[in-house]
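Visitor: Got a minute to walk me through this one? I'd like to start with the fold and then poke at the surface.

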Amino acid sequence: MKSVFITGGSSGIGLELAKKYLKAGWKVGICGRELSKFRAHFDAGRDNVTFYAVDVADRGALRQAILEFSRPTGLNLLIASAGISYPIKSKVPDFERTYRMVHVNLLGVMYAFEAAMEIMIPQGQGQLVAISSLAGFNGFPGISGYSATKSAVMKFCESLSLDLRELGIRVTCVCPGFVDTPLTRVNQHPMPFLMRAPRAAEIIYRGIEKKKVLVVFPRLFGFVVRLLTLLPRPLYQIVMRTRAANYSNDATKELT
């Protein structure tokens, strides 16, 4: 039986992916911080799924959970889906939230990959997947830390995809646009091409099956965002200062 470990698998995209892999007959491991969220969707006594109450920012605890889940059958797939964003997009960043973002969005991916590689390299096979974002292609206003961490995840995956292939390990980076999850429901601005989480999970699932290096969706929104990366930076600055493109808030007193 194939096995997959998913960080952030009790909500959002991670939850929908967990459901898909369970339906496909995989053994599924999920880590999250709230057992109640897991129990709202899974029956550990009936489903072939195990929950680990772990904060992905805790390197040692995450490693222990992944190693425990992988005994004795090994690990075929690791999906690092856990992530946080800003509840309010402001011109002056909430630095406490930003530092936490670095630990969850970036280091959480690295910690998960590190533990999975400890299993996959001796196996000579496996696949590592990280959920990044279209926000990682450019520095967008109001989400400095989010863009930075998601960009770092993209480059981390790109490098590893080159380094690990000869060891039998494939690496996939997923860059979705706006997906209807608890993370995006707090947004107080337009979200073009908003996609339902089950549909996003289906696209990601197919991309993983094909072992793509990069999965970008929705296509049109992805094309626009990637086109922005080609603009001369002075022109990009002009475009992103327009009211239509800049969602950041002037009210720093609203920071949480």
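Guide: Sure, we'll take the sheet and its helices, then a surface patch, then the salt bridges. Keep in mind that this is a predicted model.

Visitor: OK, the sheet then. How many strands are in it, and in what order?

Guide: Seven strands, in the order 3-2-1-4-5-6-9. The sheet is open, and its pairing is parallel.

Visitor: Which strands stand at the edges?

Guide: Strand 3, residues 49–53, and strand 9, residues 214–217. Each of them has a single partner strand, so one side of each has no neighbour in the sheet.

Visitor: And how much are neighbouring strands turned against each other?

Guide: On average by 15 degrees, ignoring direction.

Visitor: Let's zoom in on strand 3. How many bridges join strand 2 to it?

Guide: Five, and the two run parallel. Strand 2 covers residues 27–32. If you want a spot to look at, G29 sits opposite T50 of strand 3.

Visitor: What holds paired strands together in general?

Guide: Backbone hydrogen bonds, in either a parallel or an antiparallel arrangement.

Visitor: Now the helices. Which strands does helix 4 touch?

Guide: Helix 4, residues 95–123, packs on the sheet and touches strand 1 (3–7), strand 4 (77–80), strand 5 (126–131) and strand 6 (169–176). Its direction makes about 175 degrees with that of strand 5.

Visitor: What about helix 5, where does that lie?

Guide: Across strand 5 and strand 6. Helix 5 spans residues 144–163 and runs at about 155 degrees to strand 6.

Visitor: Switching to the surface. Which residues form the nonpolar patch?

Guide: F193, L220, F223, V224, L227 and L230. Together they have about 610 Å² of accessible area.

Visitor: Take V224. Where is its place, and how much of it is accessible?

Guide: V224 belongs to helix 7, residues 219–230. Its relative accessibility is 38%, so V224 counts as partly exposed.

Visitor: Charges next. How many salt bridges are there in the whole structure?

Guide: A search turns up nine. One of them pairs E16 with K19, with the closest N and O atoms 3.8 Å apart. Both residues are in helix 1 (residues 12–23), and because they are three residues apart, about one helical turn separates them.

Visitor: E16, buried or exposed?

Guide: E16 counts as buried, at 16% relative accessibility. K19 comes out at 34%, so that residue is partly exposed.

Visitor: Anything linking parts that are further along the chain?

Guide: Try R59 and E114, whose closest N and O atoms are 2.6 Å apart in a salt bridge. R59 is in helix 3 (residues 59–70) and E114 in helix 4, so the pair ties together parts 55 residues apart in sequence. Both ends are partly exposed: R59 has a relative accessible area of 47%, and E114 has 35%.

Visitor: What's going on with E202 and R206?

Guide: Their side chains meet in a salt bridge, 3.5 Å from N to O. The two lie four residues apart in helix 6 (residues 197–209), about one turn of the helix. E202 is partly exposed with a relative accessible area of 24%, and R206 is partly exposed at 36% relative accessibility.

Visitor: Which residues are joined with them in a network?

Guide: K20 comes in here: salt bridges with shared partners join K20, E202 and R206 into one network.

Terms used: Residues numbered from 1 in each chain as written. Predicted model: local features only at pLDDT ≥ 70, side-chain atom pairs only at ≥ 80, totals over all residues. Heavy atoms only, no water. Pairing = 2+ DSSP bridges. Axes fitted to C-alpha atoms, helices over the stretch in contact; angles between N-to-C directions. Contact = heavy atoms within 4.5 Å. Patch = residues over 30% accessible without salt bridge, like charges linked within 9 Å, V, L, I, M, F, W, Y side chains within 5 Å. Areas by Shrake-Rupley, 256 points an atom, 1.4 Å probe, with all protein chains shown as cover. Salt bridge = Lys/Arg side-chain N within 4 Å of Asp/Glu carboxyl O. Buried < 20%, exposed > 50% of the residue type's maximum accessible area, 1.4 Å probe, protein only.
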